[in-house]
Amino acid sequence: MKTKNKKAAEGLVMAFDVDPRRKVMKKKMSRRSFLKRSAVAAAAATLPLGLVEISWGQSDKRNFTFAYISDSHLTHIKGANFVRNFDKGLKKAVTECNFMSPKPDFVVYGGDLAQLGKREELDHGLEIMSRLRHPVKWVIGEHDYYLDLGQYWQEKIGRLYYSFDHKGVHFVVLNSILTYDSWINKWKSPQERMSNMARLDNPHGSPFMVGDKQIQWMKQDLSKVSRQTPVVVMSHSPLYKIFKPWNFWTDDAEKVQAVLKKFDKVTVLHGHVHQILYNQIGNISFEAMMSTSWPWPYPVSYIKKANQVPRLTVMMNRADPFHERDATGWSILNLDDGRVTNHYKLWENKDRILKYDKKLGYPIDMEYQAPATRIPPQMHY
Amino acid sequence: MKGFGMIVATVAVSLCFSTCLGWAGQVLPLGLPPVPVPGDNPQGPEKIALGKKLFMDERFSADGTISCSTCHIQKKAFTDGLPIAKGIKGLEGTRNSPTVVNAAYYKEQFWDGRVASLEEQAKGPFVNPVEHGLKDFKPIIEIIKKDPDYPSMFRKAFGIEPQGITIDHVVKAIASFERTVISGDSPFDRYMYGRQKSAMSEAAIRGLQVFRTKGRCQDCHRIEQTSATFTDNKYHNLGVGFSLVEPELFDIVEKVKKAKKAGIELDGSILGSKKVSELGRFVVTLDLEDIGRFKTPTLRNVAVTGPYMHDGSIETLEEVIDLYDQGGEDNPMLDSGIRPLRLTDQEKADLVEFLKALTSPEYENKK
Amino acid sequence: MARNLRNIIALVLFCSLVASASLFADEFTKEDLKKWNKQFMSVVKEGDVLFHSSKLGTNTVSCDMCHPNATNTHPETYPKFQKQLGKVVALRDMINWCIQNPLEGEPLKFDDPKMIALEAYITYERAGKPLAPGKH
């Protein structure tokens with residue numbers, strides 16, 4: 001008996017297959033009955049990682065999956081000490097992303113790897129990101145940029161704006177967190193400039209912009225792209241106007257959107273806001289990525305100033321500060337026929353899925369879009 | 001003013017009425033909320049007595065030596081005092097026997113919450129090879145039918161004749177009994193809800209404050225304004241035992257996913273394989289975030305229900321607090337509420353005193 | 001006769017005293033209001049600085065990182081049942097919880113001027129919101 005018990009305790013497959021003490025009925029299960037039997041709800045919104053691969057068709061080779069990790073804000077305290085909370089968030093995203101099976105085609109890093117743009121922070125972030133088993137496409141954020149105006153980033157990582165094609169989709173990466181030269185030049189030191197940009201509710205802040213130089217480059221880059229080619233733009237800050245006091249904003253958003261107007265299928269993916277946020281403006285779908293470090297309130301919570309938080313957005317669940325990873329996470333995105341399905345991997349929460357609805361013409365939350373389906377934690381006030 | 005006083009009095013009385021009474025006839029111990037009772041299994045004295053008898057019956061096992069009370073001994077606060085439970089022929093499983101006391105308040109049963117009721121939980125051990133070791137439930141039903149007392153007890157409890165008795169009746173009765181195995185009225189309850197300042201020692205009172213603030217115990221081990229179950233009914237990864245699976249984590253996860261797709265039965269594999277067991281709730285939900293997660297147990301009677309953790313690997317309360325103080329066992333899936341605490345020796349000692357104050361009078365000195 | 005006169009004089013004196021006292025008690029002026037508001041705003045400003053300070057805790061995290069403009073602090077809902085503390089508490093209890101937990105710092109005493117300042121700033125940013133004690 002003891003030998004059998006030991007055998008069973010060893011490898012997994014052994015215990016299941018050859019345990020002589022009982023006959024295990026191994027049924028060939030259909031996917032449907034498996035879903036019924038398992039404790040996991042069959043609703044698409046709660047698909048665990050392992051089942052994701054089944055639901056998305058792999059028949060069309062133009063369908064592909066990529067991951068999005070953003071806003072880690074690694075903060076250097078002293079010596080080799082970094083803020084433990086934020087380190088943990090990025091490490092968790094990297095670990096879980098490595099579990100993806102099948103592997104994503106690439107991982108996008110959405111900006112704000114560092115908190116105060118320090119070399120220690122960027123190096124620390126690069127070290128953690130190097131543990132990823134997949135290639136990375138980088139987008140710069142203002143917390144990375146404003147200490148040295150992107151110098152170390154360009155040295156260690158790459159260009160601040162660029163484009164690439166992947167399986168029939170044209171990707172454009174922008175540096176959308178630039179601002180007026182007069183603001184950049186007025187500070188006594190780079191550190192002062194950086195800490196003023198770092199403070200979200202800074203009354204002496206300055207609005208983000210893409211700038212005419214990049215817009216010119218975009219026009220030229222996109223002139224070679226046909227109307228039917230799906231276009232995905234990735235920037236750190238949202239390329240539309242949500243809330244100026246917190247720089248959920250791009251001053252020249254209309255100009256950028258005008259450049260994208262002629263394309264049939266355009267999606268803008270961005271970070272910066274640390275919350276679930278999505279909108280449709282004309283032909284462009286906008287979707288925010290979560291932060292791995294901490295959540296931000298919705299601008300509706302600041303009653304002293306008016307806001308333009310899109311009504312379309314079904315808000316994320318309110319954060320419980322006891323669990324540091326609550327209201328943080330990362331995303332798995334699937335490109336299907338030029339449209340994005342965004343599976344938010346929400347830590348300590350049920351995942352959410354945004355899918356572009358062809359009939360309605362905008363992205364919707366697959367479980368909670370209808371007001372009658374909303375739950376109390378989504379009420380932010 | 002008089003009218004207002006009447007209203008206050010009425011409200012107070014009705015509040016008292018609803019919080020103090022569970023089902024008709026049972027008075028709730030101090031500090032406990034009402035016991036959840038499912039609609040299809042109402043409480044009743046005959047059912048409870050039947051459940052207790054079934055709970056103690058050793059014939060419901062392959063060699064006639066194991067009953068529920070073998071691992072859930074009333075004198076030991078319904079545990080067995082062992083790190084890992086031992087079933088027929090001394091076969092060891094992989095997990096520590098949880099106490100039945102106040103298990104009625106869990107939304108799901110077992111360390112990984114793989115079943116949603118006390119009724120369902122009772123079925124598992126009967127047919128688990130390392131517990132009661134039966135192949136199926138038939139022997140149980142046969143014994144019941146032939147027993148001199150059971151048929152009339154079932155008739156009285158369910159209004160059912162012997163030929164109609166199924167395993168569902170058996171587990172319903174057991175669950176009904178378990179719903180009476182509740183305890184409160186500990187020194188903490190008398191201090192907190194009975195407003196008796198002298199019910200807890202000074203050290204325990206300081207320990208309660210640590211519990212709520214620096215110790216970060218509150219939130220998973222919940223105390224609430226009018227009652228305390230000391231559980232959030234959620235699952236968390238402390239990293240205990242995780243080092244066993246961490247080196248081969250990716251491979252084991254893939255194997256479990258494949259096995260589950262092929263329909264492998266849960267109960268046997270969890271208690272049959274240490275590595276599967278260490279994956280915790282993941283085996284139930286296949287959600288990667290659930291890797292290494294186990295249910296928050298109640299802390300009521302914790303001083304007399306050791307050893308601790310899902311694998312019984314920690315012997316003393318002091319060592320448990322040291323584990324939390326260091327921030328658990330670090331691993332990639334560590335719960336985000338767990339972190340180093342930097343408690344002073346005084347705070348640790350006070351916490352232990354507080355935990356000791358959670359023992360109900362009927363389980364005091366039962367070790 | 002003399003005694004009566006004395007009583008009358010005492011009575012008149014007493015009445016005039018009372019009358020004159022009421023002249024001073026509730027008669028604050030516009031200048032007073034300005035002065036007191038200035039004093040209040042200086043404490044709000046102190047709270048604003050503390051709220052945005054990386055030195056309130058020990059790990060450089062500041063309150064505004066999760067609560068820009070003190071949003072999501074909901075001062076109008078206190079006292080309320082606070083899940084993280086397991087009981088009904090006031091705003092200052094939660095301020096201390098945050099200092100101890102995300103900021104990994106030492107809690108403030110309730111009469112610490114820093115605590116008053118933080119409360120002043122937090123409530124000031126939410127001015128105008130109706131009271132909603134207990135609201136979660």
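**Interface, sheets and cores of the predicted model**

In the contact between chain C and chain B, nine residues of chain C meet nine residues of chain B. On the chain C side, two elements each give two or more residues to this contact, namely β2 (87–89) and α3 (91–100) of chain C. The class composition of that side is four nonpolar, three polar and two charged residues. The structure is a predicted model, and local features are described where pLDDT is at least 70.

Chain A contains an open sheet of seven strands, ordered β5-β4-β1-β12-β13-β14-β15, in which the pairing is mixed. The edges are formed by β5 (136–138) and β15 (362–365) of chain A, each of which pairs on one side only. From one strand to the next, the twist in this sheet averages 25°. At the β5 edge, strand β4 (residues 107–109) of chain A pairs with β5(A) in the parallel sense over three bridges, and A:Val107 is placed opposite A:Val136 in β5(A). Helix α5 (residues 84–98) of chain A packs on the sheet, where it touches β1 (64–69), β4, β12 (329–336) and β13 (339–346) of chain A. The direction of helix α5 of chain A makes about 165° with that of β1(A).

An open sheet of six strands is also found in chain A, in the order β6-β7-β8-β9-β11-β10 and with mixed pairing. Strands β6 (162–166) and β10 (278–281) of chain A stand at its edges; each has a single partner strand, so one side of each lacks a neighbour in the sheet. The twist between successive strands averages 20°. Within this sheet, strand β9 (residues 266–270) of chain A runs parallel to strand β11 (residues 284–288) of chain A, and five bridges join the two. A:Thr267 is found opposite A:Ser285 in β11(A).

The largest nonpolar core comprises 105 residues. The residues with the most contacts inside this core are A:Ala67, A:Tyr68, A:Ile69, A:Tyr109, A:Val233 and A:Met234. Helix α3(C) supplies the largest share of the core, with six residues. When neighbours within four places in sequence are left aside, the contacts of A:Ala67 are A:Cys97, A:Met100, A:Pro104, A:Val107, A:Trp330, A:Ser331 and A:Ile332. A second, separate core has 85 residues, among them B:Val127, B:Ile182, B:Phe282 and B:Leu355.

A:Arg119 belongs to helix α6 (residues 119–129) of chain A. This residue has 14 C-beta neighbours inside 10 Å and therefore counts as partly exposed, since that class lies between the limits of 12 or fewer for exposed and 20 or more for buried residues. A:Arg119 and A:Tyr68 are 51 residues apart along the chain, and their C-alpha atoms are separated by 23 Å.

In chain B, the axes of helix α4 (residues 118–126) and helix α7 (residues 167–178) come within 8 Å and cross at roughly 115°. The crossing of α4(B) with α7(B) is right-handed. From α4(B), the residues B:Leu118, B:Glu119, B:Ala122 and B:Lys123 take part in the contact, while α7(B) contributes B:Ile167, B:Val171, B:Lys172, B:Ile174, B:Ala175 and B:Glu178. By class, the residues of this contact are six nonpolar and four charged, with no polar residue.

Conventions: Residues numbered from 1 in each chain as written. Chains lettered and ligands numbered in written order. Predicted model: local features only at pLDDT ≥ 70, side-chain atom pairs only at ≥ 80, totals over all residues. Contact = placed C-beta atoms within 7 Å. Helix = DSSP H or I, 4+ residues; strand = E, 2+ residues; numbered from the N terminus. Nonpolar A, V, L, I, M, F, W, Y, C, P; charged D, E, K, R; others polar. Pairing = 2+ DSSP bridges. Axes fitted to C-alpha atoms, helices over the stretch in contact; angles between N-to-C directions. Left-handed = near helix turned anticlockwise from the far one by under 90°. Core = buried A, V, L, I, M, F, W, Y, C linked by C-beta atoms within 7 Å.
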